[in-house]
Amino acid sequence: MSFTNKGMDLTNAREITLKTVLHQIQQAGTVFSLAFRKLDGSYCYKEQVKKNPTKVKDPESLEKKDLSSIQRNMTKAGVLILYDELEKHPFEVKVELMVGFNGYKIFHNY
């Protein structure tokens with residue numbers, strides 16, 4: 001698998017576990033590169049990505065969830081909402097389709 005035309009070559013890359021990747025993504029302010037497959041099967045490479053900044057939610061809104069919000073969360077399970085620093089917009093990526101992180105090949109050990 002090669003992303004050389006898009007900035008990442010994973011052919012002989014060392015591996016990193018998915019658990020380690022997810023842990024590093026959660027660190028506040030961490031900027032990283034990410035390679036992943038899209039739902040249509042094409043590959044995408046983002047050079048500068050970080051966890052999507054979110055607003056602090058009102059504590060009252062956290063107490064009670066309606067059925068539609070629970071269903072929406074269930075359909076979004078396995079999806080990360082990230083922020084592209086270069087294009088200045090959020091995007092979604094399915095965890096199971098992530099293939100490269102900071103030049104490492106992601107090892108999905110599940």
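Two strands are taken to pair where DSSP finds at least two bridges between them, and strands of a sheet pair through backbone hydrogen bonds, either parallel or antiparallel. In the predicted model described here, an open sheet of seven strands is found, in which the order is E3-E9-E8-E4-E5-E6-E7 and the pairing is mixed. Strand E3, spanning 15–17, and strand E7 stand at the edges with a single partner strand each, so that one side of each is left without a neighbour in the sheet. From one strand to the next, the twist averages 40 degrees.

Beginning at the edge formed by E3, the pairing of E3 with strand E9, residues 104–107, is parallel and extends over three bridges, with isoleucine 16 standing opposite isoleucine 106 of E9. Strand E9 is in turn joined to E8 by two bridges, and these two strands run antiparallel; phenylalanine 101 has tyrosine 104 in E9 as its bridge partner. The hairpin of E8 and E9 has two residues between the strands, and asparagine 102 in this hairpin takes a positive phi near 50 degrees.

Further along the sheet, E4 and E5 pair in the antiparallel sense over five bridges. Phenylalanine 32 stands opposite valine 49 in E5, while alanine 35 has tyrosine 45, also in E5, as its bridge partner. These strands form a hairpin with five residues between them, and glycine 41 in the turn has a positive phi of about 95 degrees. Strand E5 is also joined to E6, by three bridges and again with the strands running antiparallel, and here lysine 50 stands opposite tyrosine 83 in E6.

The largest nonpolar core contains 17 residues, of which Leu34, Leu82, Val93, Met98 and Phe101 touch the most other members. Two or more residues of this core are given by each of helix H1 (18–25) and the strands E4 (32–37), E5 (43–51), E6 (79–84), E7 (89–94) and E8 (98–101). Apart from this core lies another, made up of five residues, including Ala13, Ala35, Tyr45 and Val99. The bridge partners alanine 35 and tyrosine 45 are thus both named among the members of the five-residue core, and phenylalanine 101, the bridge partner of tyrosine 104, is one of the residues of the largest core that touch the most other members.

Helix H1, which contributes to the largest core, also contains lysine 19. This residue has a relative accessible area of 68% and is therefore exposed, the cut-off for that class being over 50%. The C-alpha atoms of lysine 19 and asparagine 109 are separated by 8.5 Å, although the two residues are 90 residues apart along the chain.

The second largest pocket holds about 160 Å³ of space, and its lining is made up of Phe36, Arg37, Lys38, Leu39, Val79, Glu92, Val93, Lys94 and Leu97. At least two residues of this lining are supplied by each of E4 and E7, and E7, with three residues, gives the most. In character, the lining divides into five nonpolar and four charged residues, with no polar residues. Val93 appears in this lining as well as among the residues of the largest core that touch the most other members, and strand E7, which gives the most to the lining, is one of the strands standing at the edges of the sheet.

Terms used. Residues numbered from 1 in each chain as written. Predicted model: local features only at pLDDT ≥ 70, side-chain atom pairs only at ≥ 80, totals over all residues. Heavy atoms only, no water. Core = buried A, V, L, I, M, F, W, Y, C linked by side-chain atoms within 4.5 Å. Buried < 20%, exposed > 50% of the residue type's maximum accessible area, 1.4 Å probe, protein only. Helix = DSSP H or I, 4+ residues; strand = E, 2+ residues; numbered from the N terminus. 1 Å grid on protein atoms, 1.4 Å probe; cavity = no way out; pocket = protein on both sides within 12 Å on 5 of 7 lines; lining within 4 Å. Points joined across faces, edges and corners; volume = space filled by probe spheres on them. Nonpolar A, V, L, I, M, F, W, Y, C, P; charged D, E, K, R; others polar. Axes fitted to C-alpha atoms, helices over the stretch in contact; angles between N-to-C directions.
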